[in-house]
Amino acid sequence: MTFLSILFALIAEQYKPVEKDHWIRRASQSWLDFIVRNIDTGAERSGRLACLAAFIPPVLLVLAVHIILLATQPVLAFLWSILVVYLFLGFRQFSHPFTAIHEALLERDLDEARRLLSEWQGAGVNTETMSESEVIRLALERAIVGSHRHVFGVIFWFMVPLGPAGVVLYRLADLASERWPSQASVSLGQAARAFFHVIDYLPTRLTAIGFAIVGNFEDAIYGWRFHLRKWGNELEAVILAAGAGAIGVRLGSPLPEPDSDEALRMAEAGEPPIIDLGAEASVRSMRSAVGLVWRAVILWLVLIALMTISVWLG
């Protein structure tokens, strides 16, 4: 049922997208804000307590409904799984703005592409003076990370024994790691990021492996090994480095030149210099990224289908 639940949720999301202002997202944000107002005191202990209070009740509620339905009405349990995955998937939350930017650039409307990117990125990013290549680079980075957070990470946590409750845990933790650092105390923001780092550590690497398999494998692995320092966030760095190598495009800041001592050490050890791989970001890169994500989705679905068939036959 896992494969069919994911497949039907993906199909439903294509016809009726779950947008950023959907009621489930507003409810999630309100719940996290409620936790901040009532538990956050600024102490380190309150940060851990807030994470437990924010994630455990919704996860237990969804899990309890799932177990009860499995025991009494398996068909309803199947529909419940589809509903939860559909509500928290959010495929179009990153694909829609990315497609809009792509279409604006195809029409040579750089100003519109900058405006769309500014709306997508939110406050803190000035896009007014960005070149076309910079706009494409930021859009690619946001889309690659978004594909993991809204699709591949969700699929991974749906496949663990928690089922739909795992999906709720992952998406709430992701939202908290983005929302709390700017709206709550330092301890709470750090606790949210630390918790999400733990639950997203393995999914990010599986996503990176998927990108390498369906894209340029050698460049993806090279980027994964040597380009992580181009981004400050370790989780995002793994996905972006592998994704950039898989589609053959340069993302992130340029690699710093090694100092004289490091260069001498590498020369004596016979180590080749670490270089940037790929071409400059272009409109063609955006098409390649779309193909990469869809191939990765198909790869995951095929693997899940094979696992499902093996369980049925076993």
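A pocket here is an open set of grid points with protein on both sides within 12 Å along at least five of seven lines, and its lining residues have an atom within 4 Å of a point. The model is predicted.

**The largest pocket**

The largest pocket is lined by 31 residues. Nearest its centre lie Arg142, Val145, Arg149, Glu178 and Glu236. Its volume is about 1,000 Å³. Several helices take part. Two or more lining residues come from each of α2 (23–39), α5 (92–106), α6 (110–121), α7, α8 (164–183), α9 and α11. The most come from α8, which gives eight residues. By class, the lining holds 10 nonpolar, 10 polar and 11 charged residues.

**The second largest pocket**

The second largest pocket encloses about 470 Å³ of space. It has 22 lining residues, and Met1, Thr2, His66, Phe158 and Met159 are the closest to its centre. At least two lining residues each are supplied by α1 (2–15), α3 (44–72), α4 (74–89), α7 and α13. Here α13 gives the most, with five residues. The lining divides into 16 nonpolar and six polar residues, with no charged ones.

The two pockets can be set out together.

| Pocket | Volume | Lining residues | Top contributor | Lining classes |
|---|---|---|---|---|
| Largest pocket | about 1,000 Å³ | 31 residues | α8, eight residues | 10 nonpolar, 10 polar, 11 charged |
| Second largest pocket | about 470 Å³ | 22 residues | α13, five residues | 16 nonpolar, six polar, no charged |

**Helix α11**

Helix α11 is among the elements that give two or more residues to the lining of the largest pocket. The helix covers residues 234–247, 14 residues in total. From first C-alpha to last it reaches 20 Å, close to the 20 Å expected at 1.5 Å a residue.

How many of the residues of α11 are buried? The count is 12 of 14, and the helix is mostly covered. The buried set includes Leu235, and also Ala237, Val238, Ile239 and Leu240. Further along, Ala241, Ala242, Gly243, Ala244, Gly245, Ala246 and Ile247 are buried too.

Which helices do these buried residues pack against? The partners are α7 (132–159), α9 (186–214), α10 (217–226) and α13 (283–313). Of these partners, α7 and α9 also give residues to the lining of the largest pocket, while α7 and α13 supply residues to that of the second largest pocket.

Both ends of α11 have a feature to note. At the N-terminal end, Asn233 acts as a cap. A side-chain oxygen of Asn233 lies 3.0 Å from the backbone nitrogen of Leu235. After the helix comes Gly248, with a positive phi near 70°.

Terms used. Residues are numbered from 1 along each chain as its sequence is written. This is a predicted model: local features need pLDDT of at least 70, side-chain atom pairs count only at pLDDT 80 or more; totals for chains, interfaces and linings use all residues. Side-chain values use heavy atoms; hydrogens and water are left out. Helices (H or I, at least four residues) and strands (E, at least two) are DSSP runs, numbered from the N terminus. The expected span of a helix is 1.5 Å times one less than its number of residues. Buried means under 20% relative accessible area, exposed over 50%, partly exposed in between (1.4 Å probe, protein chains only). Contact means heavy atoms within 4.5 Å. A polar contact is a pair of N or O atoms within 3.5 Å; within protein, one must be able to donate a hydrogen and the other to accept it, and residues adjacent in sequence count only if both atoms are side-chain atoms. On a 1 Å grid over the protein atoms alone, a cavity is a set of points where a 1.4 Å probe fits but cannot get out, and a pocket is an open set with protein on both sides within 12 Å along at least five of seven lines; lining residues have an atom within 4 Å of a point. Grid points are joined across faces, edges and corners, and a volume is the space filled by probe spheres set on the points. Ala, Val, Leu, Ile, Met, Phe, Trp, Tyr, Cys and Pro count as nonpolar, Asp, Glu, Lys and Arg as charged, and the others, Gly among them, as polar.
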